[in-house]
Amino acid sequence: MEIGGGSESPDEPKKGKSKTPRKPKESILKQKSPAEFFAENKNIAGFDNPGKSLYTTVRELVENSLDSAESISELPVVEITIEEILKTKFNSMIGLVDRERVDAELYDDYETAKAREKRLAKEARAQEIQAKNASLGKKGREPAASKGMKGRGEASFYRVTCKDNGRGMPHDDIPNMFGRVLSGTKYGLKQTRGKFGLGAKMALIWSKMSTGLPIEISSSMKGQNYTSFCRLDIDIHRNIPHVHVQEKRDNKDLWHGAEIQVVIEGNWTTYRSKILYYMRQMAVITPYAQFLFKFVSDTPDKNITIRFSRRTDVMPPVPQETKHHPSAVDLLLIKRLIAETAKQSLLQFLQHEFVNLGKSYAERLIGEMGPEFCPKMSVKSLTSQQIVRIHQLFRQAKFDDPSGDCLSPAGEYNLRLGIIKELHPDMVATYSGSAQVFEGHPFIVEAGVSIGGKDVKQGLNIFRFANRIPLLFEQGADVVTRTALKRINWSSYKINQTQDKIGVFVSIVSTKIPFKGTGKEYIGDDISEIASAVKSAIQQCCIQLKSKIVKKIQAREQQERKRNLSRYIPDATNAVYNVLKEMAHVHASKKKRHDGENAEILSKVSARAITNETLRDKLAQHVEQVDHEMAMEYATQSGASAESKEEIYIQSLDATDNFTDFKSPLFVFRLVH
């Protein structure tokens with residue numbers, strides 16, 4: 001039955017509503033530039049959020065400055081300043097006029113009258129409870145700070161400036177060094193501080209994403225009478241620099257180095273402790289550098305100025321670029337080496353492009369490759385199959401391990417100085433291991449263990465360094481943390497793992513640090529060679545500390561014995577003197593006569609030549625004499641001098657002084673000419 005003639009059968013097609021099936025869009029092949037990739041995946045480079053981005057920017061600039069100064073064997077002087085920029089000032093910088101809000105409900109931080117009333121009532125109750133507890137003398141919990149109604153759109157901005165006394169940069173290279181991702185001077189097989197080779201480029205990308213402001217660079221090389229000034233940003237889609245200003249300015253002071261200034265969004269409040277902790281750890285691992293850190297705010301109470309002074313002028317050698325080890329190459333790398341080599345024959349290629357491959361061993365390898373190979377054949381004529389055969393043989397053959405000559409560890413001397421300078425421990429031990437190898441890459445592990453010190457918590461305080469830079473994040477999964485917590489029996493070295501203030505410092509340097517995770521913030525625990533070397537280095541430090549702790553315990557026990565003996569001197573003196581007085585009385589009454597020395601002593605007691613006081617003095621002198629003899633025996637056994645020690649102060653050398661350094665792992669002997 002139809003009602004109103006308007007119903008239709010569900011099986012009948014609806015007129016006027018039929019749609020043509022939508023054709024799928026043809027997929028178009030697109031490409032991304034390196035800059036675009038890192039902009040979209042900024043967390044890979046440590047720019048997860050505004051706070052982490054501020055920390056990473058500081059770290060990248062500081063490490064670039066250290067590399068620059070060390071490359072010309074100049075003692076680094078690095079000044080880093082973070083200046084807080086309020087919203088009003090930032091808007092004026094970009095030419096934006098502040099506007100009053102018209103529609104308040106439109107904003108994320110809008111608060112209704114009911115919500116505001118509820119919040120104020122809650123705060124009033126908390127203050128009332130706190131006042132009541134205070135009147136009763138109770139220690140109440142501090143009320144939580146009222147969360148500001150800061151919206152997502154309200155950001156904090158900072159101007160980060162880093163100045164150094166390094167090499168500087170060639171005038172024409174500055175745009176590409178900052179405005180082109182994956183271009184730089186640090187690529188190659190050698191120990192480097194950087195993790196991705198991005199340096200300040202990522203800070204520029206973050207600046208462009210968060211503020212839109214360009215980066216400013218001032219630079220001058222040694223001997224130049226001009227300073228290069230450049231203001232630029234980056235074309236992220238094309239991965240090329242966009243230069244606003246590039247000019248040469250007078251350099252009357254003949255300053256050399258670089259000064260980089262960038263304005264970014266950040267969060268100083270949440271990452272303040274991380275940034276200061278990073279600077280302190282950097283001062284530990286580079287005691288030959290001088291750091292000046294400043295935080296500048298419109299509120300004077302927030303201003304911070306910290307100077308990390310230089311403790312030594314002995315610098316580690318500059319890391320050297322090395323050749324690839326045959327066991328560490330893959331097919332792609334072999335093909336690239338063949339394309340780039342200037343050598344003609346296969347024999348010359350093997351000899352000169354790989355480490356630890358002499359002529360005789362290279363000839364043996366070629367003989368093993370098969371009849372189609374010969375020493376004089378052209379390396380450029382190798383087929384893909386022949387390159388695969390070379391790669392297979394490289395993986396199966398035996399090769400000598402590469403040496404650690406190309407590496408530049410901090411040095412046991414510098415590590416010890418850095419720990420003493422920043423932590424002021426009661427005792428410290430350091431150890432530097434010999435070069436070892438994993439997957440064809442040499443590495444060196446250095447360690448230090450300290451007891452006590454300034455600003456050190458009870459228990460284990462772990463400080464990790466990779467290629468002489470601090471690692472602050474993802475500590476729990478790191479090989480150093482796991483080794484210190486699970487593989488070291490601290491009690492066997494007379495160290496209390498929970499009560500003592502223990503500092504564990506481990507520095508690993510290598511041509512390839514096996515980082516884990518996208519952020520490259522920790523070294524995995526799955527490489528047995530590194531885990532074993534870390535454990536051995538910490539144990540060597542503990543063995544040194546154990547002997548010091550045992551001697552300290554012996555000295556403390558000796559002092560305790562002396563204190564106990566001295567405590568009983570009055571009682572012992574009274575008892576002995578009373579016995580002598582009784583004997584003297586009997587001797588005087590001729591009831592029992594004594595001869596020789598005994599009679600003489602009793603006569604002195606009767607004549608009061610020997611009194612209670614004289615006995616007390618004699619007994620105290622005897623305890624002192626015995627204590628001195630035991631101390632002399634202890635000093636002789638421990639190799640210490642019997643003479644009293646006196647502090648001496650050596651005047652610092654002038655730049656004009658000539659001297660020669662004789663270095664050992666523990667000290668540097670300087671001969672002044």
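This report walks through the fold, the sheets, the ring pairs and the cysteines of a predicted model.

## Overall picture

The protein has 673 residues, and buried residues make up 41% of them. Its secondary structure consists of 16 helices and 18 strands.

How much of the contact set joins residues 24 or more positions apart? Take the contacts with a separation of 6 or more: such residues account for 74% of them.

## The eight-stranded sheet

One open sheet holds 8 strands. Read across, their order is β5-β4-β3-β6-β2-β1-β7-β8. The pairing is mixed. Which strands sit at the edges? They are β5 (240–250) and β8 (304–308), and each pairs on one side only. Neighbouring strands are turned by 15° against each other on average, direction ignored.

Look at some of the pairings in detail. Strand β3 (residues 215–220) runs antiparallel to strand β6 (residues 257–266), and 5 bridges join them. Here S220 stands opposite G257 in β6. Strand β4 (residues 226–235) is also antiparallel to β5, with 10 bridges. In that pair, D233 faces H242 in β5 as its opposite residue. A hairpin links β4 and β5, with 4 residues between them. In its turn, N239 has a positive phi of about 55°.

## Helices on the sheet

Helix α2 packs on this sheet. It touches β1 (77–85), β2 (156–163), β6 and β7 (290–296). The direction of α2 makes about 175° with that of β6.

Helix α7 (residues 268–285) lies across β1, β2, β6, β7 and β8. Relative to β7, helix α7 runs at about 170°.

## Strand β11 and its partners

Is strand β11 (residues 441–451) mostly covered or mostly open? It is mostly covered: 11 of its 11 residues are buried. Both faces are covered. One side carries H441, F443, V445, A447, V449 and I451. The other carries P442, I444, E446, G448 and S450.

Several strands pair with β11. Strand β9 (residues 427–432) runs antiparallel to β11, joined by 6 bridges. V428 stands opposite S450 in β11. Strand β14 (residues 501–510) pairs with β11 in the antiparallel sense over 9 bridges. There, I444 stands opposite V509 in β14.

Strand β10 (residues 436–438) pairs with β11 in the antiparallel sense too, over 3 bridges. F438 has H441 in β11 as its bridge partner. The two strands form a hairpin with 2 residues between them. E439 in the turn has a positive phi of about 50°.

## Aromatic rings

The model contains 15 aromatic pairs. Why does the pair Y55 and F473 count as edge-to-face? Their ring centres are 5.3 Å apart and their planes stand at 75°, and edge-to-face needs planes over 60 degrees apart, so the label fits. The pair links distant parts of the chain, 418 residues apart. Y55 is in helix α2 (residues 50–70). F473 is in the loop between β13 (469–471) and α13 (479–487). Both Y55 and F473 are buried.

F473 also has a charge over its ring: K274 lies over the face, at 4.7 Å from the ring centre. Elsewhere, R249 lies over the face of F229, at 3.9 Å from the ring centre. Ring pairs also link F349, F354, Y361, F394 and F399 into a cluster.

## Cysteines

A disulfide is a covalent bond between the sulfur atoms of two cysteines. How many disulfides does the structure hold? The count is 0. Take C542 as an example: the nearest cysteine sulfur, that of C541, is 6.8 Å away. A disulfide needs the sulfur atoms within 2.5 Å, so C542 is in no disulfide.

Are these cysteines buried or exposed? C542 has a relative accessible area of 0%, so it is buried. C374 is at 35% relative accessibility, so it counts as partly exposed.

## A loop residue: S345

Where is S345? It is in the loop between α8 (331–340) and α9 (346–353). Its relative accessibility is 13%, and buried means under 20%, so S345 counts as buried. Leaving out residues up to four places away in sequence, S345 touches P375, K376, M377 and V379.

How values were computed: Residues numbered from 1 in each chain as written. Predicted model: local features only at pLDDT ≥ 70, side-chain atom pairs only at ≥ 80, totals over all residues. Heavy atoms only, no water. Phe/Tyr/Trp six-rings, centres within 6.5 Å; stacked < 30°, edge-to-face > 60°. Buried < 20%, exposed > 50% of the residue type's maximum accessible area, 1.4 Å probe, protein only. Lys NZ or Arg CZ within 6 Å of the ring centre and 35° of its normal. Contact = heavy atoms within 4.5 Å. Pairing = 2+ DSSP bridges. Axes fitted to C-alpha atoms, helices over the stretch in contact; angles between N-to-C directions.
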